[in-house]
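Colleague: I should be grateful for a close look at a single part of this model, with attention to its aromatic rings and its helix packing. Please take me through it in one connected account.

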Amino acid sequence: MNSKITDQLKEKYEAIDQDYETYLEGLLHSKPINYWDYIQTDALLNLQIQRTVFPDEMVFIMYHQINELLFKMILGEIDQVANNDDVDTIMFTSKLMRISRYFDMLTSSFSIMKDGMDVDQYNKFRHTLTPASGFQSAQYRKIEFASTELINLIDKRFRDTIDRNSSYENAFEHLYWQAAGKDYKTGKKSYLLTAFEEKYKEEFIRFTKFYYGNNLWSKFKALPKEARENKELIKAMRHYDYTVNIKWVMAHYNTANHYLNIGGKTAEATGGSEWVKYMHPKYQKRIFFPELWSEKEIQEWGTDI
């Protein structure tokens, strides 16, 4: 063995008070890695459990699993920015463009469902999915929390009046997606929303506490003035904002409309959510980086699509 590598290995394991020869001996008994073990192909291909006999349900399941894998990739990129105390414009721009490419893939992939799934099959197997809903993707909610300040995710109806220093609990009760399952007149929540909160609310609050000063918008605003004026970074910020909150959301909206607009009437989503009101960008005007858009652009957000 190359003596330099041996010395480096010894130094590595001694640094953590380990005997490097024990690790070398372990190599004698280990198997060579192969593709299927590394990717965990068998486990991955056994994660699709249908509830009906309709073959297109398998398309639906796998498509959403792919989405969740991409969401995990996105969160991994954001995490690298959030945990970097010395982020510069090159690194920041690079990460934003990576994330945007993931969302470009998510956007274009909606045609797999919109054009590649039988409408009649969907409108039969979807009833077995009640009350589950894609609304309940915790990873997507985390992407939003990690992208911008919490105030920018508040329901548009309350955004101008809610206290920016409001408690996490109070802010959580006024997030835009509460509109999907909450009657604000009575305060009553749907089962969709109640089950989602029982599963994730505490985790979300812990997550938002960390990202309070580490979300992408806060990290940008903490940069030196010269960096905040970097044209490439600003372009990447705007591109990401538009890609997520207009292009991806509208691709999702149009796909839902394709399947749920039946005979000129809009059907209820599987979880009972008022999906039109909370999903379409013109209603909620979700904008991650509002100060990078003109007043006219904000006013017309989601209206000219």
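Modeller: The account below centres on helix H11 and then turns to other aromatic and buried parts.

Please bear in mind throughout that the model is predicted. Helix H11 spans residues 191-211, and a loop lies between helix H10 (168-172) and H11. Trp-177 belongs to that loop, whereas Phe-204 belongs to H11, so their pairing ties together parts that are 27 residues apart in sequence. How are the two rings placed? The ring centres of Trp-177 and Phe-204 are 6.3 Å apart and the planes stand at 70 degrees; because an angle over 60 counts as edge-to-face, the pair receives that description. As for accessibility, Trp-177 and Phe-204 are both buried.

A second pair lies within H11 itself. Phe-207 and Tyr-211 are four residues apart in this helix, and therefore about one helical turn separates them. Their ring centres are 4.6 Å apart with the planes at 35 degrees, so this pair is tilted. Phe-207 is buried, as is Tyr-211.

Phe-207 and Tyr-211 also take part in the packing of H11 against another helix. In general, two packed helices are described by the angle between their axes and the distance between the axes. The partner here is helix H5, residues 56-82, whose axis is 12 Å from that of H11 at an angle of about 40 degrees. That angle makes H5 oblique to H11. On the H5 side, Leu-75, Ile-78, Asp-79 and Ala-82 make the contact, and on the H11 side Phe-207, Phe-210 and Tyr-211 do so. By character, the residues in this contact comprise six nonpolar, no polar and one charged.

Two charged side chains are placed over rings. The charged end of Lys-199 sits over the ring of Tyr-200, at 5.8 Å from the ring centre. Arg-238 lies over the face of Trp-293, 3.9 Å from the centre of that ring.

To set the ring pairs in context, the structure holds 30 aromatic pairs. One aromatic cluster is formed by a set of residues that includes Tyr-63, Phe-71, Phe-103, Tyr-140, Trp-217, Tyr-240 and Phe-288. Tyr-140 of this cluster is also one of the buried residues in helix H9. H9 covers residues 138-147 and is mostly covered, ten of its ten residues being buried. The buried residues of H9 include Arg-141, Lys-142 and Glu-144, along with Ile-143 and Phe-145.

Methods: Residues numbered from 1 in each chain as written. Predicted model: local features only at pLDDT ≥ 70, side-chain atom pairs only at ≥ 80, totals over all residues. Heavy atoms only, no water. Phe/Tyr/Trp six-rings, centres within 6.5 Å; stacked < 30°, edge-to-face > 60°. Helix = DSSP H or I, 4+ residues; strand = E, 2+ residues; numbered from the N terminus. Buried < 20%, exposed > 50% of the residue type's maximum accessible area, 1.4 Å probe, protein only. Lys NZ or Arg CZ within 6 Å of the ring centre and 35° of its normal. Axes fitted to C-alpha atoms, helices over the stretch in contact; angles between N-to-C directions. Parallel < 35°, antiparallel > 145°, perpendicular 65-115°, else oblique. Contact = heavy atoms within 4.5 Å. Nonpolar A, V, L, I, M, F, W, Y, C, P; charged D, E, K, R; others polar.
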